[in-house]
Amino acid sequence: QVQLVESGGGSVQSGGSLRLSCAASGLPDCNKYMAWFRQAPGKEREGVAGITSSGGSAWLLYADSVKGRFTVSQANSKNTVYLEMNSLKSEDTGMYCCAADKQPGKPWPSPGSYHSWGQGTQVTVSS
């Protein structure tokens, strides 16, 4: 059974930075694809960044709204994924969750593509 535990959320002012972590256990060896989602009050869950690796190469995917500001990375063990968030804006406020155990062929930013979810960590950006 896959378990995901996020940490690193908090409150920052606009322009500030935060680093989120997601520790995973029980990931299948053949599927290390992980992603970060966020959900603001009254809005749908949004795919923020995805990462997978194979043969020493990593594929990083980002929502247009965070490109150039957020960086997703993965520990060598592939069991921890990070989200470095810089130049934060008020619209980045939300509950950030990591997801894993992606269904092959399904689009990465779609919440329905993943079987496993963490509880989330709150990010609040004040202007």
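In this predicted model, D92 is buried, with a relative accessibility of 0%. The residue is placed in the loop that runs between strand 8 and strand 9. Its side chain forms a polar contact of 2.7 Å with the side chain of R69. When neighbours within four places in sequence are set aside, the residues in contact with D92 are R38, R69, F70, S87, V123 and V125. One of these contacts, S87, is itself found in the loop between strand 8 and strand 9. S87 is partly exposed, at a relative accessible area of 42%, whereas D92 is buried. The backbone of S87 adopts a phi near 50°, which is a positive value in a residue other than glycine.

A positive phi also occurs at D101, where the angle is near 60° and the residue is again not glycine. D101 belongs to strand 9. A further positive phi, near 80°, is taken by G42 in the hairpin of strand 4 and strand 5, where six residues lie between the strands.

The pairing of strands was examined next. Strands 1, 3, 8 and 7 form, in that order, an open sheet of four strands with antiparallel pairing. Strand 1 (3–7) and strand 7 are the edge strands, each of them pairing on one side only. From one strand to the next, the twist averages 15°. Within this sheet, strand 3 and strand 8 run antiparallel and are joined by six bridges. In this pairing, E84 of strand 8 stands opposite R19.

Strand 4 pairs with two other strands that may be considered in turn. With strand 5, the pairing is antiparallel and extends over five bridges. With strand 9, strand 4 is likewise antiparallel, and six bridges join the two. A35 takes part on both sides: its bridge partner in strand 5 is G50, and in strand 9 it stands opposite A99. Strand 4 is mostly covered, as five of its six residues are buried.

The nonpolar interior was analysed in terms of connected cores. The largest nonpolar core holds 26 residues, of which W36, L83, M85 and Y96 touch the most other members. At least two residues of this core are supplied by each of strand 3 (18–25), strand 4 (34–39), strand 5 (46–54), strand 7 (70–74), strand 8 (80–85), strand 9 (94–102) and strand 11 (121–126). Strand 3 provides the largest share of the core, with four residues. A second core, separate from the largest one, comprises six residues, including Y33, A35, F37 and Y114. A35 thus combines membership of this second core with the pairing to G50 in strand 5 and the position opposite A99 in strand 9.

Cysteine geometry was considered last. The structure holds one disulfide, which joins C22 to C98 with an S to S distance of 1.9 Å. The link is right-handed, with 50° about the S-S bond. Because C22 lies in strand 3 and C98 in strand 9, the pair ties together parts that are 76 residues apart in sequence. Both ends of the link are covered: C22 is buried at a relative accessible area of 0%, and C98 is buried at 0% relative accessibility. C97, by contrast, is in no disulfide, since the nearest cysteine sulfur, that of C98, is 7.6 Å away, whereas a disulfide requires sulfur atoms within 2.5 Å. C97 is nevertheless buried, with a relative accessible area of 6%.

Technical notes:
Residues numbered from 1 in each chain as written. Predicted model: local features only at pLDDT ≥ 70, side-chain atom pairs only at ≥ 80, totals over all residues. Heavy atoms only, no water. Core = buried A, V, L, I, M, F, W, Y, C linked by side-chain atoms within 4.5 Å. Buried < 20%, exposed > 50% of the residue type's maximum accessible area, 1.4 Å probe, protein only. Polar contact = N/O pair within 3.5 Å; in protein donor to acceptor, adjacent residues only side chain to side chain. Contact = heavy atoms within 4.5 Å. Pairing = 2+ DSSP bridges. Axes fitted to C-alpha atoms, helices over the stretch in contact; angles between N-to-C directions.
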